[in-house]
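I sat down with this one to look up a few things and jot them down as I went. Here is the structure my notes refer to.

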Amino acid sequence: MDIQQFTDKNPYLPELGTIVETVQETHNIMTFRVVLDGDNRMQDFRFEPGQVGQLSVFGTGEATFVINSPPTRKEYLQFSVMRAGEVTTKLHSLSKGDRIGVRAPLGNYFPYESMQGKDILIVGGGIGMAPLRTLLLFMLDNRDDYGRIQLLYGARSPRDMAFSYELPDWLERKDLETVLTIDNEAEGWEHRVGLIPNVLLEMAPTPQNTVAVTCGPPIMIKFTLQALKKLGFEDNQIITTLEKRMKCGIGLCGRCNIGTSYVCVDGPVFSYEQLRALPNEL
Amino acid sequence: MAEAKYISRAKLGKWLDELSQQMLVLAPVQEGEAVVFRPYQTGTEIRLDGQPTLPPKEAVFPASEELFAYTYRKNPEDPAQTDVEIGPRAQPQKTLVFGARPCGSRGFVIFDPVYTQGYYLDPYYRARREATIFASVACITPENACFCHSVGSGPGDTAGSDILLTPVDQGYVVEAVTDKGGEMLGSSLLEAAGDKAGKARELRDKVLKDMGEPRDFTSAREKLLAIFDDLDFWEDVSAKCISCGACTYLCPTCYCFNITDESAGMQGSRIRSWDNCMSFQFTLEASGHNPRPTKAHRLRNRVGHKFSYYPELHQGKIACCGCGRCIKHCPMSVDIREIVIRAMEHQTESGEEAGA
């Protein structure tokens, strides 16, 4: 929580930025690369991998997205947006040069300090890959700090796979072991076919000195947790990042709490051990 | 407390006239069937004889307020390009809330740690809070739905008030609770209270005593968590609820809000409005998933927040003033006291006695 700002700054006021690039990731996921206004603002902007931001389309509203570019690469802040509701639909109509409001960084982050020296297993499903991409790139940019890094990334079909332009590099790299999977056979697909938890069991990663980080749709998370438990991972070796409906993003508006914990300020990153201590209201 | 003052009923209007020259005075007035806080002007007939229908929540936390205004400008050289500007916000004016019951003024004691002492400071709340003074009237007419004495408050509670008035003889004993309140008592219309101060204290003690034994809700904190997964219990206690949200809008401590944008043409505002956790939409996610899909889940969160989560986070303080508005005004007579008591007495599956 030390990253958060205890200042008199108005936390509701977005700062302005410009969309410098958009990428159509899949039929319903679009990536926005945003540069914040102001001389040196991008260099001065500090955040940690896993923190989120609220994007504002003035006249429509705000929604929360993880900053999925790592703090080691600050030419722009990247947000990947799946079209689902009002704000995300409006966001998808924006293009290069459009102005946008940003409230960031918000929330906590992946405990990358305590993950140093360990082997890392990343398991991402669908748009759940976005926060994991931040962590992955951050670790690759600090590669010596970590042991073996394994990535299992799955999507419904090849056309649902975001960040496809990066996958060749991830597959090729010698310092990263990447396994890709889709739910059903598809023409031209050369990788695994099968649900993420099943492929994970086949991969059979060992829990010794390993931290597993997972994110994806609730049903995938549920079965991935079961698979990790079956593989011998302890609750404190599993980390996930949550999504909830949020408005303020600063622990006040009362939507995203799970008992006493507010996902917007106490999360979005939780260990499975922490989650199990909270009331069951995901 | 500084020396107590006294003002007769006959002079009360004059005092309010004086005060309303210096600041905005909000006082309870009859409006249709409801008694609500409205700006006082000379001649306004105020109602101090019972609990106002609404607490004075709007004085500090308006039902709807502008967070900021924005304007879009088209670039005349390139109409496809738009720029946006964010405007400054207005500063609140000095305000006196006159005539709330202690249970209404106490609401902000619950707001304060969340809005001014959390990870983030809410600048809108703080500015209004600092600009607002509360002159409350001690309650001598507790009603059936009242249970302030069971949640750490009472009919003469001063928490959240700057001035306390107690009805004695043909007027009010006026006592400063805070320095801010003390500064308000300079008027020559106020006289020394003399032995009336003792009478006021005795009256407050008597009213509290007549309310009977307070109920101890302390064990609800753990018990509500223990029966969190007992959905049968929550379905049962929420069966009557119609999710209308009257309880949340009338509650002095309910502080949840929504943020929306309202635009007309090239300009608009970002607005914060009270929200209602009893609504299905409150936690509905864009994916269609809803962590609180039924009224049982939602009532569980509302009761849990007030009697378990908030106390856990804030030194045991219950986030309820015991004003009973949610009970009196619920169209289905859902009674939060009853729910908490039932929760405390509920047998868990292991047969363990509740809240013992």
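My notes below go through chain B, its contact with chain A, some backbone oddities and one helix pair.

**Entry 1: chain B overall**

I reminded myself first that this is a predicted model. I started with the secondary structure of chain B, and I got 12 helices and 12 strands. Then I looked up how compact the chain is. Its radius of gyration is 23 Å, and the globule rule gives 21 Å for 356 residues, so I put chain B down as being as compact as a globular protein of that length.

For the dimensions, I noted that the C-alpha trace of chain B spans about 75 × 65 × 40 Å along its principal axes. I also checked burial: 43% of the 356 residues of chain B count as buried. Last, I looked at the contacts within chain B between residues at least 6 apart in sequence, and 68% of them join residues at least 24 apart.

**Entry 2: where chain B touches chain A**

How many residues does each chain bring to the contact? I wrote down 41 from chain B and 37 from chain A. Next I wanted to know which elements of chain B are involved. Those giving two or more residues to the side that touches chain A are three strands, E4 (64-75), E5 (78-86) and E11 (257-264), plus two helices, H3 (107-116) and H10 (295-313). Which of them gives the most? That is E11(B), with 6 residues.

I sorted this side of chain B by residue class as well. I have 25 nonpolar, 10 polar and 6 charged residues there.

**Entry 3: cis peptide bonds in chain A**

I went through the peptide bonds of chain A and wrote down two cis ones. One joins Ala104(A) and Pro105(A), with omega at about -5 degrees. I placed Pro105(A) in strand E6, residues 99-106 of chain A.

The other runs from Gly267(A) to Pro268(A), with omega near 10 degrees. Pro268(A) sits in a loop, the one between strand E14 (261-262) and strand E15 (269-271) of chain A.

**Entry 4: positive phi outside glycine**

Asn209(A) caught my eye, with phi near 50 degrees, a positive value in a residue other than glycine. I found Asn209(A) in the loop between helix H6 (196-203) and strand E11 (210-215) of chain A. Is it buried or exposed? Asn209(A) has 11 C-beta neighbours inside 10 Å, and 12 or fewer means exposed, so exposed is what I wrote.

In chain B I made a note of Asp169(B), which has a positive phi of about 50 degrees and is not a glycine. Asp169(B) is in the loop between strand E8 (163-168) and strand E9 (171-176) of chain B. With 12 C-beta neighbours inside 10 Å, Asp169(B) counts as exposed.

**Entry 5: a helix pair in chain A**

I finished with H6(A) and its packing against helix H7 (residues 218-230) of chain A. The angle is about 20 degrees, and the axes are 8 Å apart. Angles under 35 degrees count as roughly parallel, so that is how I describe H6(A) and H7(A). I noted their crossing as right-handed.

Which residues make the contact? From H6(A) I listed Ile196(A), Pro197(A), Leu200(A) and Leu201(A). From H7(A) I listed Met220(A), Phe223(A), Thr224(A), Gln226(A), Ala227(A) and Lys230(A). By class, the contact of H6(A) with H7(A) has 7 nonpolar, 2 polar and 1 charged residues.

Notes:
Residues are numbered from 1 along each chain as its sequence is written. Chains are lettered from A and ligands numbered from 1 in the order in which they are written. This is a predicted model: local features need pLDDT of at least 70, side-chain atom pairs count only at pLDDT 80 or more; totals for chains, interfaces and linings use all residues. Two residues are in contact if their C-beta atoms, placed from the backbone, lie within 7 Å. Helices (H or I, at least four residues) and strands (E, at least two) are DSSP runs, numbered from the N terminus. Ala, Val, Leu, Ile, Met, Phe, Trp, Tyr, Cys and Pro count as nonpolar, Asp, Glu, Lys and Arg as charged, and the others, Gly among them, as polar. The radius of gyration is taken over C-alpha atoms; the globule rule is 2.2 Å times the number of residues to the power 0.38. A residue is buried if 20 or more other C-beta atoms lie within 10 Å of its own, exposed if 12 or fewer, and partly exposed in between; C-beta atoms are placed from the backbone. Axes are lines fitted to C-alpha atoms, for helices over the stretch in contact, and angles run from 0 to 180 degrees between N-to-C directions. Angles under 35 degrees count as roughly parallel, over 145 as roughly antiparallel, 65 to 115 as roughly perpendicular and the rest as oblique. A crossing is left-handed if the near helix is turned anticlockwise from the far one by less than a right angle, and right-handed if clockwise.
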